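I opened a fresh notebook page for this structure and jotted down what I looked up, step by step. Come along and check each entry as you read.

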Amino acid sequence: MLITNANLPDGRTGIDLLVQGGRIAALGPKLPAPAGVETVDAAGQLLSPPFVDAHFHMDATLSYGLPRVNRSGTLLEGIALWGELKPQLTQEALVERALQYCDWAVAKGLLSIRSHVDVCDDRLLAVEALLHVRERVRPYLDLQLVAFPQDGLLRSPTALANLKRALDKGVDVVGGIPHFERTMADGAESVRILCELAAERGLRVDMHCDESDDPHSRHVETLAFHTQRLGLHGRVTGSHLTSMHSMDNYYVSKLLPLMAEAQLHAVANPLINITLQGRHDSYPKRRGMTRVPELLAAGVNVAFGHDCVMDPWYSLGSADMLEVAAMGLHVAQMTSQAQMRACFDAVTVNAARVLGRPAELAVGAPADFVLLQAADPVEAIRLRATRLLVVRGGRVLARTPAATAALSLPERPASVDWRVQR
Ligand code: FE2
């Protein structure tokens, strides 16, 4: 396959990309077309690395309304509701919902997902189901699993043993939820135990960390401390970090360099943070998303995750990482040209770095890419651009017709698309 005349996210235009043996064989202007190769004219549209979701819950997805809807819409009712649903889960239903979500993902060009999987069920039903799904989807989607003690590592009596069993079965990453432990001290202790476990086993770490509006929550500081103490630099992610929104500015000025020193990755989940945080506020209501521009300026790799789609915590979503990027852009007021492009990176290359996967389109890399009906990353976010072509390992996985509408207006064109004609 030869893609011609594409724009790249870094601003290069008129670029051709040649695929051979499932890899990118050449990338540059005006490549010669080898005989017998299918040629796709990108016509000045954006050829992007695939979308990557750095934070998701595939065991809960598409369960909206089971066994009932979340009446208050709060995080805590969501956790209680998930507790009600867990005993009713079957492996078949978990697998079927996860596979359906992966179909949605592929159609939207979302080809790598890091999913947390709840290990606070002694049957490890969800772990078994998602390990099965990871293998089923391997030919077309990279699913990375995090052992997540939803009910608290120390608060739930069997969580640590279950988490180790999940890792023994092949779950990839060590998870945690320190702010949900009974005390701040227990939270800090859970971070120590989990980081040491990851260091022993040579694994990465990704914790739900400080997912609250508590300005005094300090678990990300502890996470950064144990990361540097154990030499886990670059392998540890703090997810949510919503308390940073409410922290004292002086304290944050100390915290950011500590996070950068430990090479922590940060994941904000804009759709969920903006809906779940600030629930105890009257007006003004806090937005609750972590300090994305400040983290980026401090040199921390920041990705955006979807977190939830149609589950006990969130009743919307469609595996569209451009919707996630758009919300992150708005909530963080990242409206300069460079900041808007950074929001696109947060759902592509930055998120790939969180997973420890190859990120950029480059010669020798797997031929994984998405052709978007947009000229550049900002237009892609603005339009939630149609994924015209989704390719993995040189194989076309999905095609979507270009978005257009037929017009019946006097003295106007017969059709419209939403790109600005230049
Ligand atoms: Fe989460």
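Before I start, one term: I call two N or O atoms a polar contact when they lie within 3.5 Å, and within protein one of them must be able to donate a hydrogen and the other to accept it. I also remind myself that this is a predicted model.

**Entry 1: helix H11**

I looked at the start of H11, where a side-chain oxygen of Asp-320 comes to within 2.9 Å of the backbone nitrogen of Leu-322. Then I asked how much of H11 is buried. Eight of the eleven residues of this helix, which spans residues 321-331, are buried, so H11 is largely enclosed by the rest of the structure. I listed the buried ones as Met-321, Leu-322, Val-324, Ala-325, Ala-326, Gly-328, Leu-329 and Val-331. Just after H11, I found Gln-333 with a positive phi of about 55°.

**Entry 2: a four-stranded sheet**

Next I traced an open sheet of four strands, in the order E3-E2-E1-E4, and its pairing is mixed. Which strands stand at the edges? They are E3 (23-28) and E4 (39-41); each has a single partner strand, so one side of each is left without a neighbour in the sheet. On average, neighbouring strands here are turned by 15° against each other, direction ignored. Inside the sheet, I noted that E1 (residues 2-6) pairs with E2 in the antiparallel sense, over three bridges. One detail I wrote down is that Ala-6 has Ile-15 in E2 as its bridge partner.

**Entry 3: Asp-16 and Lys-30**

I stayed with E2 (residues 15-20), because I wanted to look up Asp-16, which sits in this strand. Is Asp-16 buried or exposed? Asp-16 is buried, yet it has no salt bridge. The nearest side chain of opposite charge belongs to Lys-30, 6.7 Å away.

I then checked the backbone around Asp-16. A polar atom of the Asp-16 side chain lies 3.4 Å from the backbone nitrogen of Lys-30, and the side chain also reaches the backbone nitrogen of Leu-31 at 2.9 Å. Leaving out residues up to four places away in sequence, Asp-16 touches ten residues by name: Leu-2, Ile-3, Thr-4, Asn-5, Ala-26, Leu-27, Gly-28, Pro-29, Lys-30 and Leu-31.

Lys-30 itself belongs to the loop between E3 and E4. I noted its positive phi of about 50°, although Lys-30 is not a glycine. With 76% relative accessibility, Lys-30 counts as exposed.

**Entry 4: another positive phi**

I found a further non-glycine residue with positive phi: Asp-210, at about 55°. Asp-210 lies in the loop between strand E10 (204-209) and helix H6 (219-229). Its relative accessible area is 0%, so Asp-210 is buried.

**Entry 5: E6, E7 and H1**

How many residues of strand E6 are buried? Six of the six are, over residues 51-56, and I wrote the strand down as mostly covered. E6 runs parallel to strand E7 (residues 110-118), and four bridges join the two. In that pairing, Phe-56 stands opposite Ser-115 in E7.

E7 came up again when I turned to helix H1: the buried residues of H1 pack against E7 and helix H9 (270-276). In H1 (residues 75-85) these buried residues are Leu-75, Glu-77, Gly-78, Ile-79, Leu-81, Trp-82 and Leu-85.

**Entry 6: cis peptide bonds**

I looked up the peptide bond between Leu-66 and Pro-67 and found it cis, with omega about -15°. Pro-67 is placed in the loop between E6 and H1. The bond from Tyr-283 to Pro-284 is cis too, with omega near 0°. I located Pro-284 in the loop between H9 and helix H10 (292-297).

**Entry 7: salt bridges**

How many salt bridges are there? The count comes to 22. I picked out a few pairs to look at.

- Arg-12 and Asp-10 meet at 3.0 Å, N to O. Arg-12 is partly exposed at 39% relative accessibility, while Asp-10 is exposed at 53%.
- Asp-168 and Arg-201 have their closest N and O atoms 2.8 Å apart. This pair links distant parts of the chain, with Asp-168 in helix H4 (residues 159-168) and Arg-201 in helix H5 (residues 184-201), 33 residues apart. Asp-168 is exposed at 57%, and Arg-201 is partly exposed at 32%.
- Asp-417 and Arg-419 form a salt bridge with closest N and O atoms 2.7 Å apart. Asp-417 is partly exposed at 22%, and Arg-419 is partly exposed at 24%.

My last note is on a network of salt bridges, which links Arg-134, Glu-135, Arg-138 and Asp-172.

Technical notes
Residues numbered from 1 in each chain as written. Predicted model: local features only at pLDDT ≥ 70, side-chain atom pairs only at ≥ 80, totals over all residues. Heavy atoms only, no water. Buried < 20%, exposed > 50% of the residue type's maximum accessible area, 1.4 Å probe, protein only. Pairing = 2+ DSSP bridges. Lys, Arg positive; Asp, Glu negative; His and termini not counted. Salt bridge = Lys/Arg side-chain N within 4 Å of Asp/Glu carboxyl O. Contact = heavy atoms within 4.5 Å. Axes fitted to C-alpha atoms, helices over the stretch in contact; angles between N-to-C directions.
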